[in-house]
Amino acid sequence: MRNDWSGQTFPHPSGRKPVVGDALGTDVRAPLQSTMRRAEGLGPIFEMQVFDQKFVFVTGAELAAELADESRFEKALSPALVALREFAGQGLFTAYNDETNWTLAHDLLRPAFTKAAMQRYHPVMLAAAQELFDSWDSREGPVDVSADMTKLTMETISRTAFSTDFGSFSRAEPHPFIPAMIAALQAGQRKGSLNAMPGAGLMARRIDRKNAHHQAYVDSLLDGIIAERRTGEADDCDLLGIMLHTPHPETGERLDDLNIRHQILTFLVAGHETTSGALSFALYYLSRDPAVLAKAQAEVDEVLGPNRDTEPTFEQVAKFRYLRRVLDEGLRLWPTAPAFTRSPRETTVLSTGHTMRPEDWAIVVLPMMHRDPEVWGEDAGEFDPDRFLPENARGRLPHSYKPFGTGERSCIGRQFALHEAILVLARLLHRYDIAGDPDYELEIAERLTLMPRGFELTITPRTPARVAAAAEAGQAEPSEVCPVSSIDQPGFQATSHGCPSGSAK
Ligand code: HEM
């Protein structure tokens with residue numbers, strides 16, 4: 001048995017069968033949601049056995065908070081992440097903690113997420129949002145929210161990080177890179193989930209054969225971008241420029257071309273679906289609750305004024321405090337990267353009494369930890385942005401909210417995602433009235449991340465008169481700078497390789 005926890009056992013869902021273990025009850029198209037259902041009543045830690053692979057899941061907030069203690073625990077790679085390494089190699093997300101490429105890339109790329117860097121990305125983010133709105137203004141009928149948010153976030157990350165335009169808004173279909181990238185990554189995931197089954201090798205080879213042309217296309221496109229930039233004009237300011245032209249300040253080391261390809265892919269993947277899902281869930285909840293929507297619109301109207309074409313300045317993004325709470329609450333219920341995995345640095349005994357060795361790992365299931373009634377109350381399943389009011393958040397169990405992961409391997413793009421998402425929500429709600437189909441029931445697609453499926457919005461342009469009326473009727477809160485906003489986070493450094501601030505790449 002792999003990950004056998006020295007033979008210790010945990011509660012498991014009913015219906016375990018010889019050989020297959022608990023595999024049969026899992027919905028392969030929605031494994032997270034079926035795991036959440038099957039976990040009910042099993043307590044803060046449980047196991048599922050899939051052939052000879054044991055998965056241990058943590059759902060209780062207190063135990064998850066214990067695993068967040070960096071002095072005792074660190075990131076581990078689940079079988080799914082190990083499988084992704086075939087494609088994303090030692091990219092930041094899939095690197096093992098002790099791989100030198102992780103330290104090198106982390107040290108080199110952190111300056112690309114400073115406040116100064118974000119100021120440079122701000123106009124690029126605004127321009128991508130405007131292109132989306134232009135495309136909405138030129139068509140009729142409801143918009144497919146997840147699809148359009150995905151186009152937007154893909155353009156934003158590719159333009160800011162690699163100065164590459166995928167032309168998403170001028171095409172009827174997504175750029176061929178996108179389905180190829182998704183197919184290749186899903187092939188990796190499928191191989192990861194088959195791993196424990198008898199005959200896995202044969203099935204993996206079949207998947208590889210079917211996937212070979214996707215993988216080859218993605219690799220050659222990314223290698224082409226790298227080659228073009230190597231021979232073209234030096235540009236040290238975007239992520240690719242930093243990776244190509246900046247040596248490590250202390251060791252002088254540089255990333256090699258294969259690792260740069262893996263990092264580009266990592267950033268394209270990690271940097272778009274997660275944010276697009278976060279935006280889509282926020283819009284879903286906004287469209288379901290007229291009072292929440294009115295409050296959000298009153299806030300944007302107060303900050304941006306009556307002209308629906310006004311774009312927020314960099315500093316104004318921090319003033320959308322209510323929007324930030326809406327986003328936080330959406331990510332509490334549906335954290336779009338819904339799990340991470342932890343192992344102890346040395347053999348340790350958990351507060352549950354279980355012994356955990358460095359080779360053991362446990363998956364923290366974020367949507368369950370984020371709904372633990374001990375921390376979030378009996379109404380934990382309800383959407384209520386006011387949970388994140390400072391007075392309500394004060395005194396809450398530390399480490400009980402982790403949509404961006406934990407510790408030194410937590411999300412490097414957190415500030416980027418928050419800035420982008422708040423900016424887009426603000427512009428969208430300022431510019432349009434939104435209405436969902438009242439009969440729509442939230443359905444969640446599990447791709448690499450979580451995303452509403454089939455969720456459409458009817459959008460209607462707001463006129464200055466409507467904006468003014470809404471502002472008058474609204475309850476906007478005083479728009480002082482947000483104490484928990486993206487740009488005020490500790491660790492947000494003010495330097496960035498000396499790249500000019502304010503100039504868009
Ligand atoms: C709402 C949006 C986002 C969410 C919910 C999210 C969530 C996460 C989580 C949970 C992790 C930790 C995974 C683990 O421990 O295994 C992570 C890591 C990471 N994220 Fe994000 N992310 C978001 C946006 C972004 C963006 C916009 C970027 C890039 C611009 C990005 C780049 C990364 C990278 C490179 C890592 C790996 C960091 C490392 O291990 O050093 N993410 N993210």
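**Iron ligation, salt bridges and backbone outliers**

Tutor: C411 sits in the loop between α17 (390-393) and α18 (414-431). The model is predicted.

Student: Which protein atom is the single donor to the iron atom of the ligand?

Tutor: A donor must lie within 2.8 Å of the metal. One protein atom meets that limit, at 2.3 Å from the iron. This single donor is the SG of C411.

Student: How many salt bridges does the rule count?

Tutor: The rule asks for a Lys or Arg side-chain nitrogen within 4 Å of an Asp or Glu carboxyl oxygen. Applied here, the count comes to 32.

Student: How many residues apart in sequence are the parts tied together by R345 and E70?

Tutor: The side chains of R345 and E70 form a salt bridge, N to O at 3.7 Å. R345 belongs to the loop between β5 (339-344) and β6 (348-349), and E70 to the loop between α2 (61-67) and β3 (73-75), so the bridge joins parts whose separation in sequence is 275 residues.

Student: Is R345 buried, partly exposed or exposed?

Tutor: Partly exposed covers the range between the buried limit of 20% and the exposed limit of 50%. R345 has a relative accessible area of 35%. Its partner E70 has 25% and is also in that class. R345 therefore counts as partly exposed.

Student: In the R387 and D379 salt bridge, how far apart are the closest N and O atoms?

Tutor: R387 is buried, with a relative accessible area of 7%. D379 is partly exposed, at 39%. Their closest N and O atoms are separated by 3.4 Å.

Student: Which residue meets E443 in a salt bridge?

Tutor: The N to O distance of this pair is 2.7 Å. The partner is R453.

Student: How many residues apart in sequence are the parts that E443 and R453 tie together?

Tutor: The side chains of E443 and R453 meet in a salt bridge. E443 is in the loop between β9 and β10, while R453 is in the loop between β11 (450-452) and β12 (456-461), so the parts tied together are separated in sequence by ten residues.

Student: Which residues are linked with D4 in a network of salt bridges?

Tutor: The network holds D4 and three partners, one Arg, one Glu and one Asp. They are R357, E359 and D360.

Student: Where is D437, a residue of the negative surface patch?

Tutor: D437 gathers with D144, D439, E441 and E456 in a patch of negative charge. Patch residues need over 30% relative accessible area. D437 has 41%, so it is partly exposed. Its place is the loop between β9 (432-436) and β10 (444-446).

Student: What is the phi of V19?

Tutor: Most residues other than glycine have a negative phi. V19 lies in the segment before α1 (31-38). V19 is exposed, with a relative accessible area of 63%. Its phi is positive, near 65°.

Student: What is the positive phi of S163, which is not a glycine?

Tutor: S163 falls in the loop between α6 (145-162) and α7 (177-194). S163 is partly exposed, at 37% relative accessible area. Its phi is about 50°.

Terms used: Residues numbered from 1 in each chain as written. Predicted model: local features only at pLDDT ≥ 70, side-chain atom pairs only at ≥ 80, totals over all residues. Heavy atoms only, no water. Patch = residues over 30% accessible without salt bridge, like charges linked within 9 Å, V, L, I, M, F, W, Y side chains within 5 Å. Areas by Shrake-Rupley, 256 points an atom, 1.4 Å probe, with all protein chains shown as cover. Lys, Arg positive; Asp, Glu negative; His and termini not counted. Charge placed at Lys NZ, Arg CZ, Asp CG, Glu CD. Helix = DSSP H or I, 4+ residues; strand = E, 2+ residues; numbered from the N terminus. Buried < 20%, exposed > 50% of the residue type's maximum accessible area, 1.4 Å probe, protein only. Donors = N, O, S within 2.8 Å, 3.2 Å for Na, K, Ca; no water.
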